[in-house]
Amino acid sequence: MLPELLQAIRPQVQRRVAKFLPYREDAEEAVQDTLLQVANKVHTFKGTGSFAGWVTIVATNQARQTYRSLKRRAVEQSAEMLPESVDPRTTSVIAGSRLDLLEALEALESSHPQLVQPLVLRDLGALTYAEIADELDVPLGTVKARIHQARKAVAERLTVR
């Protein structure tokens, strides 16, 4: 049953992860890690929100973790070992905007961690406000306020360049 479940959710996971990671290989790494997480943690799903919402949270967190890992690996490698690469922000508007969004989410998480998950679930996960309130077990008004604050903070970060 678990292999069928993982196969069934794979397209959803791929869509969610692709919103964060612009390169197919990086996204595939995050998809594999997400499916492994789901397989190992499916027993922790409480059933308070939707299963799709839970998978969205797992996929989002894994995509962000993969991004942090890739960023750390790039810093750890010496400049001599790396070929001179082109900044994706200058070659692809889509890739650049995704990288900028990830950086903005990282900054938001360091200053206001409670704002990140509602924003991601609404704007990238396409969950309704009510679904997010159920998923996070917080009042609907709190969800709306957190999303508003998060959008404002992310917008400020994205426009200051």
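**Exercise 1. Place Q65 in the fold.**

Q65 lies in helix α3, which covers residues 51-76. The model is predicted. State whether Q65 is buried, exposed or partly exposed, and give its C-alpha distance to A30.

Solution.
- Step 1. Take the accessibility of Q65. Its relative accessible area is 32%.
- Step 2. Apply the cut-offs. Buried means under 20%, and exposed means over 50%. Q65 is therefore partly exposed.
- Step 3. Look along the chain to A30. Q65 and A30 are 35 residues apart in sequence. Their C-alpha atoms are separated by 8.3 Å.

**Exercise 2. Describe the whole chain.**

Find how many helices and strands the protein chain has, and what share of its residues is buried.

Solution.
- Step 1. Count the elements. The protein chain has 8 helices and 0 strands.
- Step 2. Read them in order. The pattern along the sequence is α-α-α-α-α-α-α-α.
- Step 3. Turn to burial. The protein chain has 161 residues, and 37% of them count as buried.
- Step 4. Check the reach of the contacts. Take those between residues at least 6 apart in sequence. Of these, 64% join residues at least 24 apart.

**Exercise 3. Work out how α1 meets α2.**

Classify the angle between helix α1 and helix α2, then name residues on each side of the contact.

Solution.
- Step 1. Locate the helices. α1 spans residues 2-18, and α2 spans residues 24-41.
- Step 2. Read the geometry. The two axes come within 9 Å and cross at roughly 140°.
- Step 3. Classify the angle. Over 145 degrees would count as roughly antiparallel, and 65 to 115 as roughly perpendicular. The angle fits neither class, so α1 is oblique to α2.
- Step 4. Add the hand. α1 passes α2 in a right-handed crossing.
- Step 5. List the contact. The α1 side includes L2, L6, I9 and V13. Among the α2 residues they meet as a group are A27, A30, V31 and L35. A30 is also the residue whose C-alpha lies 8.3 Å from that of Q65.

**Exercise 4. Sort the aromatic rings.**

The structure holds 3 aromatic pairs. Classify the pair of F45 and F51, then the pair of F45 and W54.

Solution.
- Step 1. Start with F45 and F51. Their ring centres are 5.3 Å apart, with 85° between the planes. Planes over 60 degrees apart count as edge-to-face. This pair of F45 and F51 is edge-to-face.
- Step 2. Move to F45 and W54. Their centres are 5.7 Å apart, and their planes stand at 55°, so the pair is tilted.
- Step 3. Join the pairs. F45, F51 and W54 are linked by ring pairs into a cluster.
- Step 4. Compare exposure. F45 is partly exposed at 25% relative accessible area. F51 is partly exposed at 24%. W54 is buried at 11%.

**Exercise 5. Map the surroundings of Y129.**

Identify which charged side chains sit over the ring of Y129, and where Y129 stands in the packing of α6 and α7.

Solution.
- Step 1. Place Y129. It belongs to helix α7. Its relative accessible area is 24%, so Y129 is partly exposed.
- Step 2. Take R122. R122 lies over the face of Y129, 4.7 Å from the ring centre.
- Step 3. Take K144. Its charged end sits over the same ring of Y129, 5.9 Å from the centre. Y129 and K144 are 15 residues apart along the chain, with C-alpha atoms separated by 6.9 Å.
- Step 4. Extend the contacts. Beyond its neighbours within four places in sequence, Y129 touches R122, L140, V143, K144, I147 and R151.
- Step 5. Set this in the helix pair. α6 (residues 116-124) and α7 (residues 129-136) pack at about 140°, with axes 10 Å apart. That makes α6 oblique to α7. The crossing is right-handed.
- Step 6. Name the interface. Q117, P118, L121 and R122 in α6 meet Y129, I132, E135 and L136 in α7.

**Exercise 6. Explain what is unusual about D137.**

Give the phi of D137, its place in the chain and its exposure.

Solution.
- Step 1. Recall the rule. Most residues other than glycine have a negative phi.
- Step 2. Check D137. Its phi is positive, about 60°, although D137 is not a glycine.
- Step 3. Locate D137. It sits in the loop between α7 and α8, the latter being residues 140-159.
- Step 4. Judge exposure. D137 has 71% relative accessibility, so it counts as exposed.

Definitions and conventions
Residues are numbered from 1 along each chain as its sequence is written. This is a predicted model: local features need pLDDT of at least 70, side-chain atom pairs count only at pLDDT 80 or more; totals for chains, interfaces and linings use all residues. Side-chain values use heavy atoms; hydrogens and water are left out. Rings of Phe, Tyr and Trp (its six-membered ring) pair if their centres lie within 6.5 Å; planes under 30 degrees apart count as stacked, over 60 as edge-to-face and the rest as tilted. Buried means under 20% relative accessible area, exposed over 50%, partly exposed in between (1.4 Å probe, protein chains only). A charge sits over a ring if NZ of Lys or CZ of Arg is within 6 Å of the ring centre and within 35 degrees of the ring normal. Axes are lines fitted to C-alpha atoms, for helices over the stretch in contact, and angles run from 0 to 180 degrees between N-to-C directions. Helices (H or I, at least four residues) and strands (E, at least two) are DSSP runs, numbered from the N terminus. Angles under 35 degrees count as roughly parallel, over 145 as roughly antiparallel, 65 to 115 as roughly perpendicular and the rest as oblique. A crossing is left-handed if the near helix is turned anticlockwise from the far one by less than a right angle, and right-handed if clockwise. Contact means heavy atoms within 4.5 Å.
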